[in-house]
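Thanks for coming. I'll go through one structure today, starting from a single residue and working outwards.

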Amino acid sequence: MHRLSRSVPTVLNVLDIAEHGSINKASEVLNISQPALTRSLGQLEALLGVPLFNRSAQGVTTTQYGDALLYHARALRAELENTVRDIAALKNNKTGAVRIGATPLVASHFLSAGLQAVFLAHDTVPVRLIESTRPQLLGQLRRGELDVVVSTFPYEGSETGLVERPLFDLDLRVIARSDHPLANRDPLLLKDMANCKWILPRADSGLSKRIQRDFNRAEVELPKSMIETSSLDATRSLVLTTDLIAILPLRAVAPEIERGDLVALSGDWSFERRTVGLFFREDREIHPVIETLGQAISAQPN
């Protein structure tokens with residue numbers, strides 16, 4: 001066992017020093033004398049053979065080595081907090097909560113069937129649902145703050161240590177209300193629609209980046225959105241009641257299309273294929289709740 005394992009308290013203290021930007025402030029919060037905290041920090045730096053902080057009269061800032069340690073320290077703190085919660089749950093004859101992260105698109109439409117199945121099959125297991133962007137959720141997953149992330153594939157970058165499990169494909173279409181001026185025009189060209197009033201996903205979402213590439217590939221400038229949102233419910237409602245158009249998963253608006261309220265416009269575009277699936281850490285055993293969640297999501301009708 002590496003000697004660093006004996007310095008776990010100091011590793012966690014590094015988080016407080018970094019968060020407060022001062023050894024003095026951190027010592028007050030931790031109720032440790034400033035000399036003692038400085039001495040333990042120095043011992044940790046000596047053990048690692050690198051400086052963790054840059055010192056100045058204004059306080060301290062992390063070095064590149066400190067940043068690397070902080071990443072793992074946050075994961076360590078999250079795991080310890082999970083341990084405390086799990087032990088507390090066991091004391092109360094309960095099971096620890098399963099923490100599920102989901103992007104807004106997934107959470108607003110594709111997750112409800114999965115959560116319903118989880119409730120029916122595991123009614124004693126509490127579930128925490130966290131909704132955010134994919135990069136933020138994957139970061140939380142890697143730090144041990146989440147047990148699974150439900151999102152779309154593919155995605156930018158490489159997430160070593162994570163396993164992807166595809167569930168179903170998304171068929172993205174340009175959607176408009178049935179009496180929209182473009183509804184009966186055929187064929188349509190993507191360049192002719194650039195001046196339409198659009199609802200587009202949030203610029204920081206993975207879907208937005210891929211739509212940007214779709215337009216670039218067609219050599220068409222991305223239209224300026226009248227409304228920017230990743231809420232599927234809000235988008236569907238606005239498309240139903242206005243001349244706004246949006247790019248939506250076909251299965252998310254299938255009932256409205258079957259009723260004749262919405263139409264999928266057709267033209268010269270071909271959007272990149274997306275797949276909804278699960279991300280989880282390869283070093284963790286998959287919780288039965290996650291298995292139930294994935295099976296129920298993938299079983300939804302197209």
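**A proline in a loop**

Pro-201 has a relative accessibility of 10%, and since the cut-off for buried is under 20%, this proline counts as buried. Keep in mind throughout that this is a predicted model.

Where does Pro-201 lie? It is in the loop that runs between strand 8, residues 198–200, and helix 8, residues 206–217. Setting aside neighbours within four places in sequence, Pro-201 is in contact with Leu-207, Ser-208, Ile-211, Glu-228, Thr-229 and Ser-230. There is also a long-range pair to mention: Leu-105 is 96 residues away from Pro-201 along the chain, and their C-alpha atoms are separated by 9.1 Å.

Next, the nonpolar cores. The largest one has 51 residues. Which of them touch the most other members? They are Val-150, Val-174, Met-193, Trp-198, Ile-247, Leu-265 and Trp-269. Let me take Trp-198 from that list. Again without the neighbours within four places in sequence, Trp-198 contacts Val-174, Met-193, Phe-215, Pro-223, Ser-225, Met-226, Ile-227, Leu-244, Ile-245, Ala-246 and Ile-247. Apart from the largest core lies another, of 15 residues, including Leu-15, Ile-23, Leu-52 and Phe-53.

Now the helix packing. Two packed helices are described by the angle between their axes and the distance between the axes. I have two pairs, both involving helix 1.

Helix 1, residues 8–20, packs against helix 2, residues 23–30, at an angle of about 125°, and the axes are 8 Å apart. That angle falls outside the parallel, antiparallel and perpendicular ranges, so helix 1 and helix 2 are oblique to each other. The crossing of helix 1 past helix 2 is right-handed. Helix 1 contributes Asn-13, Asp-16, Ile-17 and His-20 to the contact, and helix 2 contributes Ile-23, Lys-25, Ala-26, Val-29 and Leu-30. By type, the residues of this contact are five nonpolar, two polar and two charged.

The second pair is helix 1 with helix 3, residues 34–48. Their axes come within 10 Å and cross at roughly 115°. Helix 1 passes helix 3 in a left-handed crossing. On the helix 1 side the contact is made by Thr-10, Val-11, Asn-13, Val-14 and Ile-17, and on the helix 3 side by Leu-37, Ser-40, Leu-41 and Leu-44. How many of the residues in the contact of helix 1 with helix 3 are nonpolar, polar and charged? Six are nonpolar, three are polar and none is charged.

That is what I have for today.

Key: Residues numbered from 1 in each chain as written. Predicted model: local features only at pLDDT ≥ 70, side-chain atom pairs only at ≥ 80, totals over all residues. Heavy atoms only, no water. Axes fitted to C-alpha atoms, helices over the stretch in contact; angles between N-to-C directions. Helix = DSSP H or I, 4+ residues; strand = E, 2+ residues; numbered from the N terminus. Parallel < 35°, antiparallel > 145°, perpendicular 65-115°, else oblique. Left-handed = near helix turned anticlockwise from the far one by under 90°. Contact = heavy atoms within 4.5 Å. Nonpolar A, V, L, I, M, F, W, Y, C, P; charged D, E, K, R; others polar. Core = buried A, V, L, I, M, F, W, Y, C linked by side-chain atoms within 4.5 Å. Buried < 20%, exposed > 50% of the residue type's maximum accessible area, 1.4 Å probe, protein only.
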